[in-house]
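User: Please go through the structure shown below with me. I should like each descriptive term to be justified against its cut-off.

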Amino acid sequence: MYSERMIRMLPVLAWAVLVTAGGAWAQTAAPAPKSGQPAPSLEEVIRGLETAYGRINDLKADFEQTAFNKSLNQSIPAQGTVYLKKGGKLRWEYAEPTPQQIVSDGKTVWIYTPALAQVNVGPAPEALAGPAGSFLTGLGKVREHFSVRFLNPAEPRDKDGNVVLDLTPKQPLPTMNRLILSLDPRTWDVRRAVVYDQFENTVTMLFRKTAVNSGIADSLFTFVAPKGVATVPLR
């Protein structure tokens with residue numbers, strides 16, 4: 001069940017990482033706000049994000065993830081390293097709570113669980129070609145895929161001075177019904193990303209040690225099963 005849940009969450013996780021990496025790259029997008037300075041307009045925020053996204057070809061980041069199941073009132077933490085590249089390529093290496101690798105070359109996805117000595121294999125989810133994956137191909141077309149507003153139009157910034165956006169997919173996805181982003185208006189770094197699914201379950205993502213456009217090799221996005229590992233079709 002853990003593998004099945006993770007594959008359903010791929011579009012959510014990929015999108016959240018891309019948002020964070022895009023923000024981390026735009027270090028000169030906006031000047032530091034002065035005391036009493038008005039919050040940037042929605043147009044300025046969107047333009048800053050789109051400029052940042054447009055420069056990404058690949059990225060690597062360490063991540064911490066908390067998935068909250070509303071019906072069970074249960075939170076599950078996880079952490080590891082993620083790699084993403086244009087063309088729907090991704091590699092999630094989970095260190096905790098259960099070691100696992102989720103790898104895709106954009107056409108095939110492999111889910112390797114060492115504890116089971118098993119790799120599940122199947123076609124890559126079509127959702128990776130949608131709003132999740134398109135930010136590494138279309139790069140930065142936020143307004144094309146989302147309706148964007150401030151979470152609180154009367155006060156766009158939170159107590160820490162971050163601008164908070166509320167994004168709704170124009171074509172709702174089961175795994176992403178809403179996205180809340182807290183952005184540093186000086187750099188467009190995403191300080192916090194919370195993704196809601198159609199049942200109001202949430203995934204909160206935090207990232208560190210982000211490296212963008214480091215030239216990640218395509219070979220990292222294919223998987224060869226170790227000797228003795230069973231191959232099972234992904235259903």
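**Terms and their justification**

User: Why is the pair Lys159 and Asp160 called a salt bridge?

Analyst: The closest N and O atoms of Lys159 and Asp160 are 3.6 Å apart. A salt bridge requires a side-chain nitrogen of Lys or Arg within 4 Å of a carboxyl oxygen of Asp or Glu, so the term applies. The model is predicted: local features need pLDDT of at least 70, side-chain atom pairs count only at pLDDT 80 or more, and totals for chains, interfaces and linings use all residues. Residues are numbered from 1 along each chain as its sequence is written, and side-chain values use heavy atoms, with hydrogens and water left out.

User: How do you know whether Lys159 and Asp160 are buried or exposed?

Analyst: Buried means under 20% relative accessible area, exposed over 50%, and partly exposed in between (1.4 Å probe, protein chains only). Lys159 has 79% and is therefore exposed; Asp160, with 56%, is exposed as well. Elsewhere, salt bridges that share partners join Glu43, Arg47 and Arg143 into one network. The structure holds eight salt bridges.

User: What makes Arg47 and Glu43 a salt bridge, and how are they placed in helix H2?

Analyst: Their closest N and O atoms are 3.7 Å apart, which satisfies the criterion. The two residues are four apart in helix H2 (residues 42-53), so about one helical turn separates them. Helices (H or I, at least four residues) and strands (E, at least two) are DSSP runs, numbered from the N terminus. Arg47 is partly exposed because its relative accessible area is 43%. At 38%, Glu43 is likewise called partly exposed.

User: Why does the term salt bridge fit Asp166 and Arg149?

Analyst: Their side chains meet at 3.1 Å, N to O, which falls within the limit. This pair links distant parts of the chain, with Asp166 in strand E8 (residues 163-169) and Arg149 in strand E7 (residues 146-150), 17 residues apart. Asp166 has a relative accessible area of 4%, so it is buried, whereas Arg149 has 38% and is therefore partly exposed.

User: Why is Trp188 called buried, and where does it lie?

Analyst: Its relative accessibility is 3%, so it counts as buried. Trp188 lies in the loop between strand E9 (178-183) and strand E10 (190-196). The C-alpha atoms of Trp188 and Val45 are 7.9 Å apart, although 143 residues separate the two along the chain.

User: How do you know that strand E1 pairs with strands E2 and E11?

Analyst: Two strands pair if DSSP finds at least two bridges between them. E1 (residues 58-69) and E2 (residues 74-85) run antiparallel and are joined by 12 bridges, so they meet this condition. E1 also pairs with E11 (residues 202-212), in the antiparallel sense, over nine bridges. Asp58 has Lys85 as its bridge partner in E2, while Phe68 has Thr202 in E11. In the hairpin of E1 and E2, four residues lie between the strands, and Asn73 takes a positive phi near 50°.

User: What fraction of the protein counts as buried, and how many helices and strands does it have?

Analyst: Of its 235 residues, 49% count as buried. The protein has four helices and 12 strands.
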